[in-house]
Amino acid sequence: MLNEEIKQQLQSTIKGTIQFDEPMSRLTTIRIGGPADAIVYPENVEELQNLMKLALEQKLPVFIFGWGSNLLVRDGGIRGLVINLSRAFNEIKIVAEDEQSATIEVAAGVKIPALLDFMVKNNLAGMEYMAGIPATVGGAIWMNAGTPKGEIGNHVEAVTIVSKTGRVRSIEKKACGFSYRSSKLPAGSVVIGATLKLEKGVGDKIKTIIDKHKAHRIETQPLNVPNLGSVFKNPKKNHAGRLVEEAGLKDVRVGQARISEKHGNFIVNEGKASATDVLSLIGLVKDKVKEKFKVTLETEVKVVGTD
Ligand code: EPU
């Protein structure tokens, strides 16, 4: 819990919404997570800059989340500030184009489905495979989200961040350090947008490919129950889901957390699962897969907060 003085400072820094002691379970796709001291939705870059300065002055930890999908918040919740950009950082625009390609600027709060709609409407191709991913652009860039068919970092020309000290900086692709499901963007900074390069295409064809990816997801993933997205990174030349299935772990349960019958790399919340249940299940899967296949699974899911 924040003290009254800090609450007042926050309220005078931010015109946008602030929620105090709000359960993160309302904001994560697995519907798990203890209370955050304060969830803040800045309305513009300046508010975000002032927020970062306040956090630095008051030594408040800062955590940023996007869609809340690849995120497990422990049952004790999150101390300090939790920032979400999806209520205001929503702009997408074409900034340059030639016959073959276009460069777009996209703000961090844009959700991947909105970016895909923009691509269809503007005849832009190349990122259709992202239709599998529950993410905002900011979150997707931070962890270089993707599928076996590609990853967002491949399309990035530059990323704009607000640093820990509240400065706006542009970081060229080379300095972003993208690798499989990770980047080397400065720790503690907030991605506020990116410049992406896409190919020219034909809207209807782009939509057909997107729909095919969506259909594959609906067919293979348990999307109608609260879930974490992919729990583990795919190990080299293999798929975490396949290994979990071959280790006979589908349907295994701890409390009300269960390995999905539909996809082995998904954990679902059957009602009142706790983060502790999910973490025990993750530990159990790692141990069994290691024992059976000598493969160490690494989580793609980010685990945050206190017990
Ligand atoms: N498979 C099994 N058993 C299972 C699940 C999968 O044998 O229980 C096999 C499938 O038969 C297939 C292979 O594993 O041969 C790959 O499965 P899938 O097409 O579902 O892809 P994935 O590698 O498991 C990745 C992304 C997903 C994305 C899909 C879209 C990662 C870690 N995950 O999953 O992303 O939706 O591709 O095809 O790269 C996410 O990151 O949160 C996410 C949902």
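**Group meeting talk: a strand, a helix and an asparagine**

Hi everyone, let me start with one pair: Val62 stands opposite Leu81 in strand S5. Before going on, please keep in mind that this is a predicted model.

That pair belongs to a wider pattern. Strand S3, residues 62-64, runs parallel to S5, and 3 bridges join them. S5 has another partner, strand S2, residues 35-40, and here the pairing is parallel too, over 4 bridges. On that side, Ile39 stands opposite Val82 in S5.

So how many residues of S5 are buried? For S5, which spans residues 78-83, the count is 5 of the 6, so the strand is largely enclosed by the rest of the structure.

Let's move along the chain to helix H6, residues 203-220. Its 18 residues reach 26 Å from the first C-alpha to the last, close to the 26 Å expected at 1.5 Å a residue. Which residues of H6 are buried? They are Gly203, Ile206, Ile210, His213 and Arg217. These residues cover an arc of only 100° around the axis, which puts them on the same side of H6. If you turn the model round to the face pointing away from that buried side, you will find exposed residues there: Asp204, Lys205, Thr208, Lys212, Ile218 and Glu219. And what do the buried residues of H6 pack against? Their partners are helix H3, residues 112-121, and strand S8, residues 124-125.

Now a single residue, for those of you who like to look at atoms. Asn269 lies in strand S16, which covers residues 267-269. Buried or exposed, at 3% relative accessibility? The cut-off for buried is under 20%, so Asn269 counts as buried. A polar atom of the Asn269 side chain lies 2.9 Å from the backbone nitrogen of Gly271. Leaving aside residues up to four places away in sequence, Asn269 touches Ile30, Arg31, Ile32, Val225, Pro226 and Gln256.

Finally, let's zoom out to the domains. The domain assignment of the protein gives domain 1 as 4-84, domain 2 as 92-212 and domain 3 as 223-297. Domain 1 and domain 3 have their C-alpha centres 29 Å apart. Their contact takes 11 residues from domain 1 and 14 residues from domain 3.

To close, two things to look for when you open the model: S5 with S2 paired to it in the parallel sense, and the buried residues of H6 packing against H3 and S8. Thanks for listening!

How values were computed: Residues numbered from 1 in each chain as written. Predicted model: local features only at pLDDT ≥ 70, side-chain atom pairs only at ≥ 80, totals over all residues. Heavy atoms only, no water. Buried < 20%, exposed > 50% of the residue type's maximum accessible area, 1.4 Å probe, protein only. Pairing = 2+ DSSP bridges. Expected span 1.5 Å × (residues − 1). Arc of directions from axis to C-beta. Contact = heavy atoms within 4.5 Å. Polar contact = N/O pair within 3.5 Å; in protein donor to acceptor, adjacent residues only side chain to side chain. Domains from an automatic or database assignment.
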